[in-house]
Amino acid sequence: MSPGGTRSRVAQAPAGRGCRLMKPICWDPEEFEDTWKRPDALPRPSNKLAVPCRVERKRVLRHGEPVLAAAVSSFTRHAFTCGRSGVKVWSLVRQVAEDRLPESHLPVQTRGAYLRTCLLFSNSTTLLTGGHNLAGVSVWDLTAPTLHAGAELPCAGLTCQALAASLADSLAFAGFTNGTVRIWDLRDHSVVRDLLGPPNGAKSISVKGQNIWAGGLDACLRCWDLRAPGEPQEHQFESQIISMSPSPREDWLLVGTANGQQWLQPTCGGEKRLVGCKASTILGLKFSPLGWWWVSVGMDNLVSICSMPRGAVVVQVPETSSVTCCDVSLNNRLVVTGSRDHASVYQIAY
């Protein structure tokens, strides 16, 4: 991306031959394409509210470096992969099994800086990017004729490693390696408040209603009420908290830990519930938009889909290396995951 905001491309090698066992992409119009027409569209028939019965890898996105965060938009038909050097934007319209040519590249332009995370707004209009040695969290306007950072949310001197947003309240949140959780007003990009979070770093943050949750390397889950500033509620876990995802339909927060445990933490009081345990660290969790299932990824080299409310594993797909992150599209039809040097786009069947 040039300083003037011109859309840029990164230099790419010629597209290689697709994986031998992968089939050419063929989006099912009845099951998938119609749901791309509106950002709030969800599967129509009631039987599609169940958990998936099959997951099929449709595309490999050759990012070229470890993918630290990923996002997918069924509305704009794009996937976003975040690495240390920048974010690559991939069109999902072209039907190719292996893609080496992103549509756009949002690079880091500050010397000595690098990205650690990104967040796509639920309405697919805005992308936030944050990392190390940057003046702020960049706000990318995805509706503009050319991709450009329309604003910066100030955080000079802080290293961002987790992002969240509440569009209803026009707020953005970031967790930093020094334990700070910062809140900005998206309307004027001002700092609303700093919260004192995990002393060893806020590794993951989530917004649920009027509460902001932060988990970190001290194995303590903290919750602040945004309406009444004060000391947070604290919930102790057995291991470091690496990932979280709020349920979109029930009063639960899904928590993944370094020892491979998955917990449902009640957000309105009550005891947490163990809903799964893997042999290795869980690096990413994401609820489906309807809340009937979630994706779990980590150092076991598996993409696992687990059902509510007990966390039963209903589908698993192997990857060739640790899976660092995941996202689910708003139409309940796509899952994107990030790995050592690529991202995978999966289509969900019910």
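Strands here are DSSP runs of E at least two residues long, numbered from the N terminus. With that in hand, S124 is easy to place: it is found in the loop between β7 (114-120) and β8 (126-132). The model is a predicted one, and S124 has a small oddity in it. Phi of S124 is near 65°, a positive value in a residue other than glycine. S124 is also tucked away: its relative accessible area is 9%, so it counts as buried.

H189 makes a good companion to S124. It sits in the loop between β13 (180-185) and β14 (190-196), and it too has a positive phi, about 65°, although it is not a glycine. As for exposure, H189 comes out at 27% relative accessibility and therefore counts as partly exposed.

Now for the chain as a whole. The secondary structure comes to 0 helices and 29 strands. Of the 350 residues, 55% count as buried. Among contacts between residues at least 6 apart in sequence, 46% join residues at least 24 apart. As for confidence, the chain averages a pLDDT of 86, and 86% of the residues score at least 70. One stretch needs some care: over residues 1-48, pLDDT stays under 50. The model does have 102 contacts beyond four places in sequence for that stretch. Still, where pLDDT is low, the predicted coordinates should not be read in detail.

One part of the chain to look at is an open sheet. It is made of 4 strands in the order β19-β20-β21-β22, and the pairing is antiparallel. β19 (241-246) and β22 (273-277) stand at the edges with a single partner strand each, so one side of each has no neighbour in the sheet. From one strand to the next, the twist averages 25°. β19 pairs with β20 (residues 252-257) in the antiparallel sense, over 5 bridges. One of the residues to look for is I241, whose bridge partner in β20 is T257.

Further along comes another antiparallel pair, β23 (residues 282-287) and β24 (residues 293-298), joined over 5 bridges. In β24, G298 is the bridge partner of I282. The two strands form a hairpin with 5 residues between them, and G291 in the turn has a positive phi of about 80°.

What about the rings? The count comes to 3 aromatic pairs. One of them is F237 with W263, an edge-to-face pair at 6.0 Å centre to centre, with 85° between the planes. This pair links distant parts of the chain: F237 lies in the loop between β18 (233-236) and β19, W263 lies in strand β21 (residues 261-266), and they are 26 residues apart. Both F237 and W263 are buried. Another pair is F287 with W294, again edge-to-face, at 5.7 Å centre to centre and with 70° between the planes. F287 counts as buried because its relative accessibility is 3%, and W294 counts as buried because its value is 0%.

Rings also turn up next to charges. The charged end of K272 sits over the ring of F237, 4.9 Å from its centre. Elsewhere, the charged end of R84 sits over the ring of Y114, 3.8 Å from the ring centre.

Back in the hairpin, V297 is found in strand β24. Its relative accessible area is 0%, so V297 is buried. Which residues surround it? Leaving aside its neighbours within four places in sequence, V297 is in contact with K278, I282, L283, G284, L302, V303, V323, T324, C325, C326 and T337. Take C325 from that list: it is 28 residues away from V297 along the chain, yet the C-alpha atoms of the two are separated by 6.6 Å.

A last backbone detail concerns P309, which lies in the loop between β25 (302-307) and β26 (312-318). A cis peptide bond joins M308 and P309, with omega at about 0°.

Definitions and conventions
Residues numbered from 1 in each chain as written. Predicted model: local features only at pLDDT ≥ 70, side-chain atom pairs only at ≥ 80, totals over all residues. Heavy atoms only, no water. Pairing = 2+ DSSP bridges. Axes fitted to C-alpha atoms, helices over the stretch in contact; angles between N-to-C directions. Phe/Tyr/Trp six-rings, centres within 6.5 Å; stacked < 30°, edge-to-face > 60°. Buried < 20%, exposed > 50% of the residue type's maximum accessible area, 1.4 Å probe, protein only. Lys NZ or Arg CZ within 6 Å of the ring centre and 35° of its normal. pLDDT = per-residue confidence, 0-100. Contact = heavy atoms within 4.5 Å.
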